[in-house]
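Trainee: Could we go through this protein together? I would like to learn how each label is earned.

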Amino acid sequence: MDKLFYERKLYEDGYRYICGVDEVGRGPLAGPVVCAAVIMPFNELIDGVDDSKKLTAKRREKLDILIRERAIAYAICRVEPQVIDEINILQATRLCMKNAVEKLSVKPDFVLTDGNMTLDISIPQQSVIGGDAASYSIGAASVIAKVNRDALMDEYAKEYPFYAFEKNKGYGTAAHISAIKEHGLCPIHRRSFTKKWD
């Protein structure tokens, strides 16, 4: 698969600053949703950029450094559990993606988003199903968002050791749910996701 299929078409149409946007953490019971927006140069591609879920943690961390070094611009944003509970995860993800795009130091002239997300922005945009694997730009955003959120959850693991966030990153594993039943919820749990154990 040509990872620059979408970018090449946009480049042919005259767009130059093409931004990929992706999120990490829609499904977990705890922690924020994290989004990254990135504008990458296309003259020298970084080998191995892909859907972050397909990569090992070690590979993601190496790619994360290269992507942030070589990016024309990148931004990472998060929306905290309290806001997710207030506006729901879909709206929180849209808000997070929008914030990441607007935080970029270079304004993109086109935005590619993963999935079927439509953002409240004035910039032309296209959503790409499976975009983190199909688009180089979205894949790059996927990697830096994942590395950022994983590091954050590792820090939360030290603060709230009962839940082993370093192992489950807040997802609803059997061990995580068992810990909730035994110790209750901590401040970073999403109340709207954990009502049955509250």
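Mentor: Gladly; we will take the labels one by one, and remember that this is a predicted model.

Trainee: Let me start with the whole chain. Which elements does the protein have, and in what order do they run?

Mentor: There are 8 helices and 5 strands. Starting at the N terminus, the order reads α-β-β-α-β-α-α-β-β-α-α-α-α.

Trainee: How do you know whether the radius of gyration agrees with that of a compact globule?

Mentor: We set one value against the other: for 198 residues the globule rule gives a radius near 16 Å, and the protein has 17 Å, so the two agree. As for the outline, the C-alpha atoms fill a box of roughly 55 × 35 × 30 Å along the principal axes.

Trainee: And what share of the residues counts as buried?

Mentor: Buried residues are 52% of the 198. The cut-off for that label is a relative accessible area under 20%. The protein exposes about 9600 Å², with carbon and sulfur atoms supplying 50% of that area.

Trainee: What share of the contacts joins residues at least 24 apart?

Mentor: Taking contacts between residues at least 6 apart in sequence, 66% of them join residues at least 24 apart. Tyr-15 gives us an example of a residue with partners elsewhere along the chain: its C-alpha atom is 6.2 Å from that of Asp-109, although their positions lie 94 residues apart in sequence terms.

Trainee: Where does Tyr-15 sit, and what does it touch?

Mentor: Tyr-15 belongs to the loop between α1 (5–12) and β1 (18–24). Beyond its neighbours within four places in sequence, Tyr-15 contacts Leu-10, Asp-109, Phe-110 and Pro-124.

Trainee: Why is Tyr-15 called partly exposed?

Mentor: Its relative accessible area is 24%. Partly exposed covers the range between the 20% and 50% cut-offs, so that label follows for Tyr-15.

Trainee: Now the charges. What makes Asp-2 and Arg-8 a salt bridge?

Mentor: Side chains of opposite charge can pair when their charged atoms come close. The N to O distance between Asp-2 and Arg-8 is 3.1 Å, and the cut-off is within 4 Å, so the pair qualifies. Asp-2, at 34% relative accessible area, is partly exposed, and so is Arg-8, at 44%. By this rule the count comes to 10 salt bridges.

Trainee: How do you know that Arg-68 and Asp-64 are separated by about one helical turn?

Mentor: They are 4 residues apart in helix α2 (residues 57–70), which means about one helical turn between them. Their side chains meet in a salt bridge at 2.8 Å, N to O. Here the labels split: Arg-68, with 33%, is partly exposed, whereas Asp-64, with 6%, is buried.

Trainee: And why are Asp-150 and Lys-146 called buried or exposed?

Mentor: Asp-150 has a relative accessible area of 11% and Lys-146 has 14%. Each value is under 20%, so both residues are buried. They lie 4 residues apart in helix α6 (residues 136–159), about one helical turn, and form a salt bridge at 3.2 Å, N to O.

Trainee: Which residues are linked with them in a network of salt bridges?

Mentor: Arg-60 joins Lys-146 and Asp-150 in that network.

Trainee: Last one: how far apart are the mean positions of the positive and negative charges?

Mentor: They are 3 Å apart, with 28 positive and 28 negative charges entering the two means.

Note on methods
Residues are numbered from 1 along each chain as its sequence is written. This is a predicted model: local features need pLDDT of at least 70, side-chain atom pairs count only at pLDDT 80 or more; totals for chains, interfaces and linings use all residues. Side-chain values use heavy atoms; hydrogens and water are left out. Helices (H or I, at least four residues) and strands (E, at least two) are DSSP runs, numbered from the N terminus. The radius of gyration is taken over C-alpha atoms; the globule rule is 2.2 Å times the number of residues to the power 0.38. Buried means under 20% relative accessible area, exposed over 50%, partly exposed in between (1.4 Å probe, protein chains only). Contact means heavy atoms within 4.5 Å. Accessible areas come from the Shrake-Rupley method with a 1.4 Å probe; for residues, only the protein chains shown count as cover. Lys and Arg count as positive and Asp and Glu as negative; His and the chain ends are not counted. The place of a charge is taken as NZ of Lys, CZ of Arg, CG of Asp or CD of Glu.
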